[in-house]
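Me: Please take a close look at one part of this model for me. I'd like to know what packs against what, told as one connected story.

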Amino acid sequence: LSHDREDIMFTSKELARWSSKPTAGCLEGMKHLAGYISGRMRVVYNFKWRDPEPKRKLVVKVDTDFAGCLVTRMSTSGGCLMLNGCLVKGWAKTQPTVAQSTCEAEFVGANAGGKEALGYANMLKEIGMPVEGGVHMETDASAAIGVAKRSGVGKLRHLHVCFLWLQEQVKLGNIILHKIAGEDNTADIYTKHLPAQDMKRKLFNENFTNVT
């Protein structure tokens with residue numbers, strides 16, 4: 001269900017991480033997830049009617065939970081792609097290495113979101129539906145925005161060179177960064193456990209879903 005349910009994507013990812021060696025805590029997590037789904041049986045996605053040739057705006061919303069796993073201290077990157085206000089893709093992934101700072105974790109998450117967005121933009125271009133004005137990235141991480149807008153990694157010497165790719169894309173204008181408030185960042189639902197009411201508010205805040 002997590003492929004179609006944005007509200008359970010993070011929880012499903014966390015449960016899947018421990019499926020090879022399940023514990024009693026994993027069972028309790030599964031029970032909580034089953035209880036949540038039984039109380040909210042469906043999610044309706046709202047795709048608004050568009051003109052045949054609209055100006056296409058692609059927005060990627062990203063967020064990261066630094067060292068959120070209490071066992072491995074690994075961080076989670078998450079985000080979603082919005083094409084003209086309609087949800088087209090979402091993801092929740094555990095970062096492959098342990099980040100040494102919030103800035104590093106957020107920057108890695110922004111880098112992953114940028115790759116997802118530009119890949120989708122290239123696909124649209126190939127089918128004759130190019131995105132106008134570059135990809136717009138929204139994040140609540142001021143530090144990650146600062147690193148992305150400068151050249152070089154500065155004090156973050158241990159970062160792999162591939163992360164400089166995001167700086168290049170920002171400099172070329174392929175990705176336009178926007179700072180948003182944390183409470184307005186819908187990508188929160190992909191990176192951490194949220195109370196049901198907060199989850200519903202985040203979804204309605206974007207106005208692309210209806211949880212019933």
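Reply:
**A helix pair, then the sheet**

Let's start with helix H1 (residues 9-17) and helix H2 (residues 24-39), whose axes come within 10 Å and cross at roughly 155 degrees. Axes here are lines fitted to C-alpha atoms, for helices over the stretch in contact, and angles run from 0 to 180 degrees between N-to-C directions. H1 and H2 are therefore roughly antiparallel to each other (an angle over 145 degrees). On the H1 side, the contact is made by Thr11, Ser12 and Leu15, and H2 answers with Cys26, Gly29, Met30 and Leu33 (contact means heavy atoms within 4.5 Å).

A quick word on the ground rules: this is a predicted model, with local features needing pLDDT of at least 70 and side-chain atom pairs 80 or more, while totals for chains, interfaces and linings use all residues. Residues are numbered from 1 along each chain as its sequence is written, and side-chain values use heavy atoms, without hydrogens or water. Helices (H or I, at least four residues) and strands (E, at least two) are DSSP runs numbered from the N terminus.

Now for the sheet. It is open, has 5 strands in the order S4-S3-S2-S5-S6, and its pairing is mixed (two strands pair if DSSP finds at least two bridges between them). Strand S4 (86-94) and strand S6 (175-179) are the edge strands, each pairing on one side only. From one strand to the next, the twist averages 20 degrees.

Strand S2 (residues 58-65) is a good place to see the mixture. With strand S3 (residues 76-83), S2 pairs in the antiparallel sense over 8 bridges, whereas S2 and S5 run parallel and are joined by 4 bridges. You can follow this at Leu58: Leu83 in S3 stands opposite Leu58, and Val135 in S5 also stands opposite Leu58. From Val135 you can step on to Ile175, the bridge partner of Val135 in S6. S5 and S6 run parallel too, joined by 5 bridges.

S5 is mostly covered, with 5 of its 5 residues buried (under 20% relative accessible area, using a 1.4 Å probe and protein chains only). Val135, Met137 and Thr139 point one way from S5, while His136 and Glu138 point the other way, and all are buried. Two helices are worth rotating into view here. Helix H5 (residues 164-172) lies across S5 and S6, running at about 95 degrees to S6.

Back in S2, look at Thr64. Thr64 is buried, at a relative accessible area of 6%. Leaving aside neighbours within four places in sequence, Thr64 is in contact with Ser75, Thr76, Ser77, Gln95, Ala105, Glu106, Gly109 and Thr191. Tyr45 is 19 residues from Thr64 along the chain, and their C-alpha atoms are separated by 24 Å.

Finally, Arg56 sits in the loop between strand S1 (43-45) and S2. Arg56 is buried as well, with a relative accessible area of 10%. Not counting residues up to four places away in sequence, Arg56 touches Leu83, Asn84, Met129, Pro130, Val131 and Glu132. Leu83 thus ties back to the sheet, where Leu83 of S3 stands opposite Leu58. Helix H4 (residues 142-149) is the other helix to rotate into view: H4 packs on the sheet, touching strand S5 (135-139) and S6, and its direction makes about 150 degrees with that of S6.

Note on methods:
Angles under 35 degrees count as roughly parallel, over 145 as roughly antiparallel, 65 to 115 as roughly perpendicular and the rest as oblique. Buried means under 20% relative accessible area, exposed over 50%, partly exposed in between (1.4 Å probe, protein chains only).
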